[in-house]
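This report looks at the overall fold of one protein chain and at the positions annotated in its database entry. The structure is shown first.

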Amino acid sequence: MIKPLIQETSPIIATLDDLAKLANYSFMDSLNCDPDAKVNGRDHTPRQVFTGHYVPVNPTPIEDPKYVAHSKNFFRELGFADSMAKSADFVRVFSGDIAHVPEPMRKIGWACGYALSIFGTEYYQQCPFQTGNGYGDGRAISVLEAVINGQRWEMQLKGGGRTPYCRGADGRAVLRSSVREFLAQEHMHALGVPTSRSLSLYVSKTEKVRRPWYSEGSRSQDPDMLVSEAVAISTRVAPSFIRVGQLELFGRRARKMEHPRAMEELEHIVLHLIDREYDDVIDQKLTTAEKVVLLAREFLNRLTSLVANWIRVGYCQGNFNSDNCAAGGFTLDYGPFGFCDMFNRHYQSWTGGGHHYSFLNQPVAAERNFHMFCSALRPLLMAHQDCLAQLDEIQSAFPKVMKAQMEKMWAAKLGLGAFHATLFNELITLMEQTSVDYTMFFRELSMVPDDIGLLKKSFYKSSTYHADSEEMDKRWSTWLTKWKSLTQPCSREALSRQMKLVNPKYSLREWFMVPAYQQADTGDYSLIQELQKVMTQPYAEQSKDVEEKYYRLKPLELFGVGGSSHLSCSS
Ligand SMILES: Nc1ncnc2c1ncn2[C@@H]1O[C@H](COP(=O)(O)OP(=O)(O)OP(=O)(O)O)[C@@H](O)[C@H]1O
Ligand SMILES: [Mg+2]
C-alpha cells in the first residue's frame, strides 16, 4: 500500500515560496545523471540515452495557461491553501515554466528512461533506435521533490513538452485526456485503491495540437477524424514514479553487460526504490541481496492486492504494460482505462488493449509484469544462490497469492465470511447472461434485498434474458436465497453497512466524463467540479439529485459509441 496519508492539517503552505522551502531533490542527488545530457536542460529532440537514471530536462510551458482544477482534498492533506492553485507563480510552475522558481527549488526538471514489456515479452520496436535507449518519459517531466510533514512527494508534469524520449511526438497532453486522468486519480484514491494523486490542471488558452478522434456519434472502432484540441498540463504526485519497466531497463543492461556501470546502476535504482516506497518494511541494515528478496515479496503482496482492488471497483487499466506498472504497487497512467458499466469478463475500453488486458484477465497481466520485475532483479543475486532460490519461490507463488487475494475480495463484495466457488460461478454466469451493471448490481445486493426486485434495477436485460425472463428471474431468486443462507451471521443492517464499504455507489463511467471535458473545452468547468465532488465520495449515498444523475444504467444508445464506450487514443 501507499504509505498512509498524513493527518489533515490547517494550511501552512500558502505560497510558492513556502513550498520551495520544502524542496529536497533526492532523485537527482542520489542517482546518476545521463553524462550526455545538455546542461541547459534544452534536451527536446529524440536521442539515445545510454546510461544514467535520469536526464535533466526543462518542461516547455504551455502558452497562456488558465486554471481548470485542483484537488481540494489533496491540497488539504498536504496543508496547501486553496488560493495557491490560482496564484500567478504556482500557475506558472505547474503549467511548465520553472525558469523563475525561488530557491532552493531548481530551474531544471528530469525525465527517465524505461523499457517496455507487453504481457511479459520484451519489446524494442517502440524505440526509434530499436535498442531500447530512446524509450521513456516522452512527455512526463518531474519538477519538484518535497518533504511535506515527513512524507516525501515527487511532483510530475504530464504533457510538459518534449524530452529525449518523445520519439518524435509533441510532448503534449490534450485537455480531454488530462481531465480524465485528473478526475480518475482522485476517484481511485477515494475508492481506497492506491494511486498517484492529482494536484492541479491548467489548460492553454491558445495552444492546440491535433489528435485522431471520433466524430459525433461515431461507432467506428478507430477514430475517423483529426481534431484540434487545447493542450493542458496536469501535475500528478506520488512517492516515486519508478515503473517496473524502469527496473527492466537497468536489469536488461546489467544482464547484457551493456556498459561497465550497468550493474551498479541497477543496484542503485533498486535501493532507491526501496528507500522511496518500501523503507517502512525493509530494514536499511540488510544486505542488498536480502533487501531484494524482501522487495519482491512485498511487491507481490502490493501488486496482487492492487489488482484485486481494481476488480472490486470495476476498474480496467487497459494497457497494463510493464511501463504502466508502478514499482511502488499503485495505479499509474490513466490513459486507456475504463470503469466497467455492463459486466463482461472481457470488458476493455481501449481498442488497442485486446483480451490479454481485459477486466478479469488483469491478474494474469499482473503476473507477467511481476515476472519481468523479478527478472530485472535477478542479476543482483547472481552471487547469492540462496537468495536467488527465494526469489524463484516468490515468483512462482504469484498465482496462489493472487487467487487468495481475489477470493478474499469476492467474499467481501458478497458479504461472505469465505469465498464460495459454486455461488460465485453461478453469479458470474447469471450476470453475463442477464447483462447487469457491475457497480449497481453489487450496490443493490448490499441492500440485502428480500427478493430480486431491487437487483433488477441493475439489469440491462440482454436478449438471452428477454428470451425467457420468467426462467431467468427464477434462477436469480434461487441464487439470492442461496446467497442469503451463506452470508455472515449478523443483522441485515450490519451486513448491509459492511457491504456498502466495499461496493461503491458511484463510479467514474466514461460517459460521465465526456460532457465534462466537452464543456471544459468551452471554458465551463462546472461539470468537472461536480464530478470531483461526487466521485470523491463514492461510497456515500449522496443527495437524490446526485443519485438520479449518477446512479444510472448506461443509456443503451451510448453503447458502441466511440469516446463513450471505447477509445483508441489516450494522449
Ligand atoms: N504526445 C506525446 N509526446 C511524447 N511522448 C508521448 C506522447 N504520448 C505518449 N508518449 C509516450 O509514449 C509512451 C506510451 O504512452 P502511454 O500512453 O503509456 O503513456 P502516457 O499516457 O504518456 O504516460 P504515463 O505512463 O507517464 O502516464 C510513454 O512513454 C509516453 O511518454
Ligand atoms: Mg504510460
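The sections below treat the chain as a whole and then the annotated positions.

## Overall dimensions

The model is predicted. The protein chain has 571 residues and a radius of gyration of 24 Å, which agrees with the value near 25 Å for a compact globule of that length. Along the principal axes, the C-alpha atoms fill a box of roughly 75 × 60 × 50 Å.

## Secondary structure and packing

The protein chain holds 19 helices and 12 strands. Of its 571 residues, 48% are buried. Contacts between residues at least 6 apart in sequence are mostly long-range: 74% of them join residues at least 24 apart.

## Annotated binding site

An unreviewed UniProt entry lists Asn 324 and Asp 333 under "binding site". Such annotations may be inferred rather than shown by experiment.

Where do Asn 324 and Asp 333 lie in the chain? Asn 324 is in the loop between β11 (315–316) and β12 (338–339). Asp 333 is placed in the loop between β11 and β12 as well.

## Surroundings of the two residues

Asn 324 counts as buried because it has 23 C-beta neighbours inside 10 Å, where 20 or more are required. Asp 333 also counts as buried, with 23 C-beta neighbours inside 10 Å.

Apart from neighbours within four places in sequence, Asn 324 is in contact with Gln 317, Asn 319, Leu 332 and Asp 333. The two residues listed by UniProt are thus in contact with each other in this model.

Conventions: Residues are numbered from 1 along each chain as its sequence is written. Chains are lettered from A and ligands numbered from 1 in the order in which they are written. This is a predicted model: local features need pLDDT of at least 70, side-chain atom pairs count only at pLDDT 80 or more; totals for chains, interfaces and linings use all residues. Helices (H or I, at least four residues) and strands (E, at least two) are DSSP runs, numbered from the N terminus. A residue is buried if 20 or more other C-beta atoms lie within 10 Å of its own, exposed if 12 or fewer, and partly exposed in between; C-beta atoms are placed from the backbone. Two residues are in contact if their C-beta atoms, placed from the backbone, lie within 7 Å. The radius of gyration is taken over C-alpha atoms; the globule rule is 2.2 Å times the number of residues to the power 0.38.
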